[in-house]
Amino acid sequence: MTKFLLLTTHQCRSGRQADLERLRLSVSTAVALGAPIEHYILLQGGAECPGGPLQAHEHALFSPHTMSLSLARNTLLAAATVGETDWLGFPDDDAWYPSDFFAVFEDAIRGCPDVELVLGARSNAPASSSSAPHEGVDGAKVIRLASSNSIFIRGRIARLIGEFDVRLGVGAEFVGGEDSDYALRAFYVAKGALYFPELVVGHDDLRGLPADPWERRRRYLPGVLAFSKKHAGRSTAALTHFLRHLAIGVALLVMGRTSTAHILKPAFAVWRTSRI
């Protein structure tokens, strides 16, 4: 039977215990309504899962140390039993789902048998939807919309593309870009990909980030440049993305808000991998 496999990583000293409790409750509610879900949770730096005892659909992994976001997700991927028709999602510990999210998801893709990559939307006040009309996507739209909280890929695709790139993401060599990289690699090999704007996951994308948009750009510039440079030779959309963010880097440099190394290191990164 096709399942949803949700992979979440949680740093036990992050102060997000209440957030993880909310995520667990939203998933448990969906399970109670009949959604076939297995939820894998990696607890870093602790051994107690916020929100009470584990339920039958939950699986906890433990690490005494913290690790980068990509490495944590790869640990979860290695632990999960992934069937070819299963759907994988990667909710952050501060994400959550409307109660009928998975039922609407299943209804939405029932008439789209070739779809293997689904892009949804995010909101800090997600509303339930009785239907989920879809739009086609290209590489540019995948780059613009991809977020770990709202991408879902078939198990077959997960097996093909392998792990998240450990050089990208929070705590890695280049901060950011890991979810865009993963989604674009999935897009390359998926039989079909669709965007469902009314399939909305709960998440406040700006929470914990600087109010100044230029500071937000500066923080994630290395990951964005590194990711788009990695794909620039294969994707016109990625090349355009790279050049646009290179210009943003130059603007930050002129404003005195970043260093030359902050731009040049990711811009000239060498990728020695044949993985999709």
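Does D94 count as buried or exposed, and at what relative accessibility? D94 counts as buried, at 4% relative accessibility. Keep that residue in mind, as it comes back in point 4. One caution before the rest: this is a predicted model.

1. Overall build. The chain has nine helices and eight strands. Its radius of gyration is 18 Å, close to the 19 Å that the globule rule gives for 276 residues, so the chain is as compact as a globular protein of that length. If you want a feel for the dimensions, the C-alpha trace spans about 55 × 40 × 35 Å along its principal axes.

2. Inside and outside. Buried residues account for 53% of the 276 residues in the chain. The accessible surface comes to about 12,200 Å², and carbon and sulfur atoms hold 54% of that. As for how the chain meets itself, take the contacts between residues at least 6 apart in sequence: 78% of them join residues at least 24 apart.

3. A buried charge pair. By the 4 Å rule for side-chain nitrogen to carboxyl oxygen, the count comes to 21 salt bridges. One to look at joins the side chains of R73 and E178, at 3.2 Å from N to O. R73 sits in helix α2 (residues 69-79) and E178 in helix α6 (residues 178-189), so this pair ties together parts that are 105 residues apart in sequence. Both R73 and E178 are buried.

4. Back to D94. Its side chain meets that of R207 in a salt bridge, 3.9 Å from N to O. Here both partners come from loops: R207 from the one between β8 (192-202) and α7 (213-231), D94 from the one between β4 (87-89) and α3 (101-109), so the pair ties together parts 113 residues apart in sequence. Burial is uneven across this bridge: R207 counts as partly exposed at 38% relative accessibility, while D94 counts as buried at 4%.

5. One more bridge, and a network. The side chains of E135 and K141 form a salt bridge at 3.1 Å, N to O. E135 is partly exposed, with a relative accessible area of 34%, whereas K141 is buried, with a relative accessible area of 17%. Elsewhere, salt bridges that share partners join R16, D19, R22, D93, D94 and R207 into one network. As background, side chains of opposite charge can pair when their charged atoms come close.

6. The nonpolar cores. In soluble globular proteins, nonpolar side chains tend to be buried together. In this model the largest nonpolar core has 42 residues, of which L7, L88, F90, L119, I153 and Y182 touch the most other members. Helix α6 gives the most to this core, with four residues. Y182 is worth clicking on: leaving out residues up to four places away in sequence, Y182 touches L77, F90, I151, I153, A158, I161, G162, E163 and F164. There is also a second, separate core of 30 residues, which includes L6, I41, I109 and A132.

7. Helix α3. Which residues of α3 are buried? They are F101, F102, V104, F105, A108 and I109. Seen down the axis of α3, the buried residues fall within an arc of 160 degrees, so they line one face of the helix.

8. Helix α9. The same sort of check works on α9 (residues 260-267), where H262, I263, P266 and A267 are buried. Down the axis of α9, its buried residues fall within an arc of 110 degrees, so they line one face of the helix. On the other side of α9, A261 and K265 are exposed. What do the buried residues of α9 pack against? They pack against α7 and α8 (236-254).

9. L221, seen from α7. L221 has its place in helix α7 and counts as buried at 1% relative accessibility. Leaving out residues up to four places away in sequence, L221 touches H245, G249, L252, H262 and I263. Two of these names, H262 and I263, are among the buried residues of α9 from point 8. For a sense of distance, L221 and T2 are 219 residues apart in sequence and 38 Å apart in space, C-alpha to C-alpha.

Key:
Residues are numbered from 1 along each chain as its sequence is written. This is a predicted model: local features need pLDDT of at least 70, side-chain atom pairs count only at pLDDT 80 or more; totals for chains, interfaces and linings use all residues. Side-chain values use heavy atoms; hydrogens and water are left out. Helices (H or I, at least four residues) and strands (E, at least two) are DSSP runs, numbered from the N terminus. Buried means under 20% relative accessible area, exposed over 50%, partly exposed in between (1.4 Å probe, protein chains only). The arc is that of the directions from the helix axis to the C-beta atoms. A nonpolar core is a set of buried Ala, Val, Leu, Ile, Met, Phe, Trp, Tyr and Cys residues joined through side-chain atoms within 4.5 Å. Contact means heavy atoms within 4.5 Å. The radius of gyration is taken over C-alpha atoms; the globule rule is 2.2 Å times the number of residues to the power 0.38. Accessible areas come from the Shrake-Rupley method with a 1.4 Å probe; for residues, only the protein chains shown count as cover.
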